[in-house]
Amino acid sequence: REGFTVQENMEVPPCNILFGGSYMGRIAGNVVSNVRKYADPAEPVKITLRQEYALVHTAGSKVQVLTLTVRNRKKQIINKEQKEENAAESMGLGLRSIKKMMEQMAGDMFCVEDRGDPAQISLNSEVYYELCLLFRVTDVRV
């Protein structure tokens, strides 16, 4: 409805996911809000779901996780008003809330801004925004 194209890559073996139902709607709402505010509609939002081993803050060691990654190029800020509006919106409250909820579910969250080759960064560089949610999982053996 918002004009974004979505590319999905979700191939996951059967597993049990550790999550709290009350948090999932709030997390999804925050993720969608971030896409609306920061994603460039000219480029697809890429959503990847994969099972892997990762270091999870709440576990203190590598555990099996289901990683949900949302990636898109950030909107370019064209003028001073947009820059000020973007700064006012991006106090990180939504991301801190997501991180807290993920930790309550024994998972983790991190956010990355990828600016490509550091030697070629300029004001017009493309910046990619990536949000990763790590849900603890256990294998299902049939």
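What follows is a walk through this predicted model, from its strands to its core, one of its helices and its salt bridges.

Let's start with the strands. β1, covering residues 6–10, runs parallel to β3, and five bridges join the two. If you want a spot to look at, take Gln-7: its bridge partner in β3 is Lys-46. On to β3 and β4, which pair in the antiparallel sense over eleven bridges. Here Leu-49 stands opposite Leu-68 in β4. The two strands make a hairpin with four residues between them, and in that turn sits Gly-60, with a positive phi of about 75°. It helps to keep one general point in mind as you look along these strands: in a regular strand, side chains alternate between the two faces of the sheet.

Now for the inside. The largest nonpolar core has 20 residues, and the ones with the most contacts inside it are Ile-27, Val-31, Ile-98, Met-102, Met-109 and Leu-133. Helices and strands both feed into this core: α1 (21–38), β3 (45–56), β4 (61–73), α3 (93–104) and β6 (128–139) each supply at least two residues. β6 gives the largest share, five residues. Val-31 is a handy place to see how these pieces meet. Setting aside its neighbours within four places in sequence, Val-31 is in contact with Val-70, Ile-98, Leu-131 and Leu-133. There is also another core lying apart from that one, with six residues, among them Ala-54, Val-56, Val-65 and Leu-134.

α3 deserves a closer look. Does its length fit its residue count? At 1.5 Å a residue, the twelve residues of α3 should span 16 Å, and the end C-alpha atoms are 17 Å apart, which agrees. The buried residues of this helix are Leu-95, Ile-98, Met-101 and Met-102. Around the axis they cover an arc of only 130°, so they sit on the same side of α3. Turn to the face directed away from that buried side and you find the exposed residues Leu-93, Arg-96, Lys-100 and Gln-104. After the helix comes Ala-106, whose phi is positive, near 65°.

That leaves the charged side chains, with six salt bridges in the structure. One of them pairs Glu-43 with Arg-73, with the closest N and O atoms 3.2 Å apart. This pair links distant parts of the chain, since Glu-43 is in the loop between α1 and β3 while Arg-73 is in strand β4, 30 residues apart. Both partners are out of the way: Glu-43 counts as buried because its relative accessibility is 14%, and Arg-73 counts as buried at 17%. Nor is the pair on its own, as Asp-40, Glu-43 and Arg-73 are linked in a network of salt bridges.

Arg-71 forms a salt bridge too, with Glu-130, and the closest N and O atoms there are 3.3 Å apart. Arg-71 is in strand β4 and Glu-130 in strand β6, so this pair ties together parts that are 59 residues apart in sequence. With 23% relative accessibility, Arg-71 counts as partly exposed.

Last stop: the side chains of Asp-108 and Lys-99 meet in a salt bridge, 2.7 Å from N to O. Asp-108 counts as buried, at 8% relative accessibility, whereas Lys-99 is partly exposed, with a relative accessible area of 29%.

Technical notes. Residues numbered from 1 in each chain as written. Predicted model: local features only at pLDDT ≥ 70, side-chain atom pairs only at ≥ 80, totals over all residues. Heavy atoms only, no water. Core = buried A, V, L, I, M, F, W, Y, C linked by side-chain atoms within 4.5 Å. Buried < 20%, exposed > 50% of the residue type's maximum accessible area, 1.4 Å probe, protein only. Contact = heavy atoms within 4.5 Å. Expected span 1.5 Å × (residues − 1). Arc of directions from axis to C-beta. Pairing = 2+ DSSP bridges. Salt bridge = Lys/Arg side-chain N within 4 Å of Asp/Glu carboxyl O.
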